[in-house]
Amino acid sequence: MTQHGRRQMSDKTIAHFFIWPTLILLIVMNIFPLFYSLYLSFNDYSVIANEPPQWVALDNYEKILTTERSRYWHNFTVTGRYAALSVGLQIVIGFGLAMLLREKFRGSGLITTLILIPMMLSPVVVGLFWKLIFDPSKGFFNYLIYLNPRGGDQWLSDATLGLWAIVIVDVWMWSPFVMLLCLSGLGAIPNYLYEAAAIDRASAWFQFRRITLPQVMPLLLIAVLFRTIEAFKAFDLVMGLTGGGPGDRTETVAVRLYSEAFLKTRTGESSALAYIVLIIIISISNLYIRALNRAREG
Amino acid sequence: MMKKTGSFLLLAVLVLSLALGVGGATAAPKAQVTELKIFWAQWPPADYLQEIGNRYEAETGIKVTVIQEPWGTFLDRMTAEWAAKGDAYDMVVGDSQWLGQGAEQGHYMELTDFMVENGIHETVTPATLQFYGEYPPGSGRYWAYPTEGDAVGWAYRKDRLEDPEEMAAFEAKYGYPLAVPKTWMELRDIAEFFYRPDENVYGAAIYTQKDYDGMIMGYENVMFSWGVNWQDENNQVLGIVNSERAVEALEFYKELYQFAPPGTDNAFFTEVNSAFINGQATLVMNYFAFFPDMLDVGKNPYAQVTDFFAGPAGPYGDRYVALGGQGLSVLNYISDERKQASLDFIKWFAQEDIQRQWAEVGGYTCNIAVLESEAFLNHTPYNPAFAESMTFVKDFWNIPIYNDLLEPAQRYINGYVVGNVGTAKEALDGMAVEQHEVLVEAGVIDG
């Protein structure tokens, strides 16, 4: 480029040179797929069938939400149960751990670091080694809870225990995340609040209920929000541990979505399911954010 | 203004070209094929094919690369490639169930003229040509060259079955001598006899896996041997897959699972082999292609006392085993030059001498002459059982919607056998109704 050409380029043009590549990439990689999948959700279409999409209006949504045999409600129920159990236990355990580690003592830093390790691991790796831990023949899980481990349960293939097995692993992995958030919340509570309460001879329970809990609540709600969204997307752990089985007893929405989209290649129907999940997650997030705002204001 | 618009357009084209990588591809001149890429699952036969491919390179100068993908994602990756109409691979050694999809949806190149003109269709056994190459069944149209024949067979601990004390105790208990089972009922008795959790010894390790087709590839052996098929001659499933005999067969399979080693609740080829190698299982079902490990003393401490047999007969005289194995297909999205180069490879590969070499390195040839040869039958201890099995194989559906039919089958059978969900009748009724709806929706049968 000549000196003349370079002089002609204005600041605005240079700014465009920086902005447009990003915008084009965003449009090609994010925005176009988002709207194209929305369009596909109103079509009967299989990505490998070599046939053009056929417009079916709301049929895919109707099938997912109203057809009994489509089993989608079962998948939503499993996901809801999993989210409730998993997030509930993570909040209790994570908050409990934070309360225990709130006071500094010798080795508390090391213990905190060790507790945080599970959340730094890849969910696929976690799924694989917990599969071994649950193995009734080689794993040690049954040795911890049964007197006769050989006669113990096959956790991952039991119709009832299968979901609990996934919950146990998820709680093991993500309670430290809740603990971390709660620790930062607990650390931010001013000491004078407790001092004033002590002068008023407030009991420990009263202090917890009226000072600790309200002060940590915003961060707890953020933890609940993040973990609930993650629970609704639960895929890697479930696939790694049970594959959705036995039968479809642990088949979450995300696992079903994978099956419809990539095994059966029902692209239109799976796009509709993905949009329903997206709407649910946005709705839940909105509810939490409102609660969070109320907690902050209160 | 025009200049600005021009520079934006230029920039947009540049970025899009970089993002989509179209610059080089469109401008590439037609070139002589120097490499052929074959896509297959990650397992020993793919290594054997690579060895054969190296010999092809030595003869012709054309490099052959066998790209291996783990079994768990093999279908996913192929599906993604089909969806993109990609040309990353020239050929695929695809599952027998994929034939309908490959043929009807245009992913596979039709090989009928090529195979007939070169007489290749007459060099392989009729069963393998039918299951690995022909679609629709009986049409005489071919889409794949039968490459890796396979079926489900059995490995067993000879030291346990031939132990004099065990033999005496077994005969005293069951009233007939302990020997390699000829019927499923005998197999069940052996599994029960050796079920000794306190000694960490168990009966039979069988397929139970929830993913893809694991559970069905195990159950099918019993189902077919009870005289049950996946459909009748009109493709109807109601009253067929959930017939009384089907219920009996499924109950039998579940009973057999009660004698399986713990931890085989999600077992396929790797897990059943492990249960045998770690000394727990007395009998294991597995595809013959996974038996080489059983004879490897470095992997199996019981290799010296391991022997093999073909699937037993059912109570009504039927005897069938589930088909494994794959055929070699040319993908439709490659250039004409690459298609021709792929056909040249298949023509070379299908020669009797090369098929003999394929069998020698460990591949399961479908070539009639090689299969019948003494050299093949004596090559490994399991080859006679393999050759016998290939005469009574049956397979799952291979129409384009096979996965829609497979999914409810896997779900219901796995739920019942492993998870104790409902009864055998309820499981099969549920499966039958869902499969019927899938077939009606796809227009295969009338509602």
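Two strands pair if DSSP finds at least two bridges between them. Helices (H or I, at least four residues) and strands (E, at least two) are DSSP runs, numbered from the N terminus. The model is predicted: local features need pLDDT of at least 70 and side-chain atom pairs count only at pLDDT 80 or more, whereas totals for chains, interfaces and linings use all residues. Residues are numbered from 1 along each chain as its sequence is written, with chains lettered from A and ligands numbered from 1 in the order in which they are written.

**Exercise 1.** Describe the surroundings of strand β1 (residues 35-41) of chain B.

*Solution.*
Step 1. Six of the seven residues of β1(B) are buried; a buried residue has 20 or more other C-beta atoms, placed from the backbone, within 10 Å of its own.
Step 2. β1(B) pairs with strand β2 (residues 63-69) of chain B in the parallel sense, over seven bridges. Here Leu36(B) stands opposite Val64(B).
Step 3. With strand β3 (residues 91-95) of chain B, β1(B) also pairs in the parallel sense, over two bridges. Ile38(B) has Met91(B) as its bridge partner in β3(B).
Step 4. Together with helix α3 (residues 44-60) of chain B, β1(B) and β2(B) make a right-handed β-α-β unit: with the strands pointing away from the viewer, the path from the first strand over the helix to the second runs clockwise.

**Exercise 2.** Characterise the contact of domain 1 with domain 2 in chain B.

*Solution.*
Step 1. The domain assignment gives domain 1 (33-150 + 323-394) and domain 2 (151-319 + 400-441) of chain B; such bounds come from an automatic or database assignment.
Step 2. Taken over C-alpha atoms, the centres of the two domains of chain B are 28 Å apart.
Step 3. In contact are 27 residues of domain 1 of chain B and 20 residues of domain 2 of chain B, contact being C-beta atoms, placed from the backbone, within 7 Å.
Step 4. On the domain 1 side, α18(B) provides the largest share, four residues.
Step 5. That side of domain 1 of chain B has 13 nonpolar, nine polar and five charged residues. Ala, Val, Leu, Ile, Met, Phe, Trp, Tyr, Cys and Pro count as nonpolar, Asp, Glu, Lys and Arg as charged, and the others, Gly among them, as polar.

**Exercise 3.** Determine what chain A brings to its contact with chain B.

*Solution.*
Step 1. The contact takes 35 residues from chain A and 34 residues from chain B.
Step 2. On the chain A side, the elements giving two or more residues are α2 (11-40) and α12 (253-263) of chain A.
Step 3. Of these, α2(A) gives the most, with eight residues.
Step 4. By class, the chain A side divides into 15 nonpolar, 12 polar and eight charged residues.

Note on methods
A residue is buried if 20 or more other C-beta atoms lie within 10 Å of its own, exposed if 12 or fewer, and partly exposed in between; C-beta atoms are placed from the backbone. Two residues are in contact if their C-beta atoms, placed from the backbone, lie within 7 Å.
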